[in-house]
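Here is my note on the structure below, set out as numbered points. Please read it alongside the coordinates.

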Amino acid sequence: MISNIRMRESIPSSREIKDAEETDEYFLEFPERRISVVPIGTIDPSGKFERGTDILPTVNTPVYAVHKKLINDIYKFYSIGDFSIGKLSLIPEQDAKIDLDVFLGRHAVIIGQTGSGKSWTVASILQKIANFPKSTVVLFDLHGEYKNAFNNEYIDFIDGKDLEFPYWLMNFQELTDLMIDRSEFSAPNQIAKFREILQQAKETNEENVTLNIPKITIDTPVFFNFQNIIEEFKRLDVERIIGATGREKNGPYHGHFTRLIMRIESKLNDKRFNLIFRPVKYNTSASMELLFRKILGETIDDPKKIVIIDISPIPMEVRNSVISLILRCMFDFVYWYKRINEKTYPIAVFFEEAHSYLSENERSMKSTRLSAEKIAKEGRKYGISLTVISQRPREVSATILSQCNSFMCLRITNPDDQIYVKRLLPDSIRGIVSIFSTLRRGECILLGDSIMMPTRIKIDKPDPAPSSEDTSFFNEWNQEHEEIDVNSVLNAWRRQED
Ligand SMILES: Nc1ncnc2c1ncn2[C@@H]1O[C@H](COP(=O)(O)OP(=O)(O)OP(=O)(O)O)[C@@H](O)[C@H]1O
Ligand SMILES: [Mg+2]
């Protein structure tokens, strides 16, 4: 691969000048042309290409341009099933074939500054995935951009307003994180008692008795009635008991739960938490099947290939709990799927605008980050993949980025971002970062093992495209003034409905 081309005037040696003078000859200066190359691989006599090389060319070895057919063969060799995401920028008729198994299986990053074409790239890749007879892709959409980017029959678009992910799917850790403030002096008491009450609530729920589960634990995902738990906390909080002396006195937990109850009730009464605390569709253990079928696009008789979850209507405070729960549940699902079927159930999860919820520093999004980090670290074995899409790579968890093998870099001009990305890349290809600022819209450099070599690619346009067009101030303002309906906007805002 040519990494640099230079041309410079040759400087004749004094000996050469002297010789020329003596023989009365003219000395012709000629420019020297130099290319720097990085060896990519070797082709053996049978035409088989192999990445890397242990033989380097010696001085004066002739150099040949590679024939197009050979380039195609090489890309093909490193892809599977001709899966291509666009065309090579340098050879516009050559498909950019990639190995989808590596791209997804070993996690990917799509980065680029705003307007560089990330959303279009995602739509384009997903549309290609949708050509398979089946697939399981879950896309977290932060701006509701993707609704129109697909033909409806194979996608399920879950509006955040219709999403329900009930509290009873949470494990003990997640529930305590949500309810208990560890800085409170009675926190250890609260946790111990909660453990006991929760265990009992799960065991004594009528439906659960019929499920034939030999041992229900506090982490078993079965329905329990949250209201009963609060009632029990309230009872303990004001309990009076008869002491040894026969006189009435405060019970052992008297006053220990007052603040906890207040905290939980304020969440229960907060409508924004309804999707967790007041499930309407999923309020029996049996309903868990329906919920998982919905999230995985496995609805009976109407399977979907791509499930888009529009999280834009979900308030910030609730997002963390919901997304981390969805991720953890998907991980547990593929884990148990593999345990009982001895094969994997591949799921690809795409995170749009990942910096806003997989961020290193944002404490309120910690559990989401941890769930995603777990997938990044262990997902490969169970066939669950993560694709991080972001315009601010510096803010995305470094643990996640370091587990990603494929880097799809669109235009990045910010020098700090360039330096950051440079550090994430292997030594041998760091120089390529200088090209990032020369990329056009919808053009990327794909790095990593999913492609034969670092390649500049013009990504195929998605059809239909996501709704992320730039606003044309020029065209919009060039039209006659027209009354706008302010009230309809305010109404929609107030009712949170379009
Ligand atoms: N492959 C492409 N071919 C042609 N035009 C493209 C391509 N990709 C993107 N564009 C143009 O660039 C615009 C912005 O693309 P896109 O919305 O995907 O950017 P983005 O990187 O997701 O930005 P943001 O970070 O703000 O979400 C599109 O509206 C489209 O006009
Ligand atoms: Mg975008």
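1. Which residue forms a salt bridge with Lys-18? The partner is Glu-22, and the closest N and O atoms of the pair are 3.9 Å apart. The cut-off for a salt bridge here is 4 Å, so the pair is counted. This is a predicted model, and side-chain atom pairs count only at pLDDT 80 or more.

2. Both partners belong to helix α1, which covers residues 14–22. Lys-18 and Glu-22 are four residues apart, about one turn of the helix. Lys-18 has a relative accessible area of 48% and is therefore partly exposed. Glu-22, at 60%, is exposed; the boundary between the two classes is 50%.

3. A salt bridge with the same spacing in sequence is found in helix α12 (residues 316–341): Arg-328 and Asp-332 are four residues apart there, and so are separated by about one helical turn. The closest N and O atoms of Arg-328 and Asp-332 are 2.8 Å apart. Arg-328 has a relative accessible area of 17% and is buried, because buried means under 20%. Asp-332 is partly exposed, with 28% relative accessibility. As for shared partners, Arg-8, Glu-32 and Arg-34 are joined into one network by their salt bridges.

4. Asp-177 and Arg-182 also meet through their side chains in a salt bridge, at 3.6 Å from N to O. Asp-177 counts as partly exposed at 43% relative accessibility. Arg-182 is likewise partly exposed, and its relative accessible area is 48%. For the whole model, the count comes to 32 salt bridges.

5. On the domain level, the protein chain is divided into domain 1 (2–83), domain 2 (84–162 + 303–470) and domain 3 (167–278). Domain 2 is thus written as two segments, 84–162 and 303–470. Between domain 1 and domain 2, the C-alpha centres lie 37 Å apart. The contact between these two domains takes 14 residues from domain 1 and 23 residues from domain 2.

6. How much area do domain 1 and domain 2 bury between them? The figure is about 1700 Å², with 63% of it on carbon and sulfur atoms. On the domain 1 side, Arg-51, Tyr-75 and Phe-83 supply 50% of the area buried against domain 2, more than any other three residues. The size of an interface is often given as the accessible area lost when the parts come together.

7. The count of salt bridges between domain 1 and domain 2 is two. Separately, Asp-82 forms a salt bridge with Lys-97, and the closest N and O atoms of this pair are 3.3 Å apart. By the domain bounds, residue 82 falls within 2–83 and residue 97 within 84–162.

8. Which residues make the nonpolar surface patch of about 510 Å²? They are Ile-2, Ile-5, Ile-35, Val-37 and Val-63. Strands β1 (2–9) and β2 (31–37) are the elements that give two or more residues to the nonpolar patch. Ile-5 lies in β1. With 62% relative accessibility, Ile-5 counts as exposed, because exposed means over 50%.

Definitions and conventions
Residues numbered from 1 in each chain as written. Chains lettered and ligands numbered in written order. Predicted model: local features only at pLDDT ≥ 70, side-chain atom pairs only at ≥ 80, totals over all residues. Heavy atoms only, no water. Patch = residues over 30% accessible without salt bridge, like charges linked within 9 Å, V, L, I, M, F, W, Y side chains within 5 Å. Areas by Shrake-Rupley, 256 points an atom, 1.4 Å probe, with all protein chains shown as cover. Buried < 20%, exposed > 50% of the residue type's maximum accessible area, 1.4 Å probe, protein only. Domains from an automatic or database assignment. Contact = heavy atoms within 4.5 Å. Buried area = accessible area lost by both parts, 1.4 Å probe.
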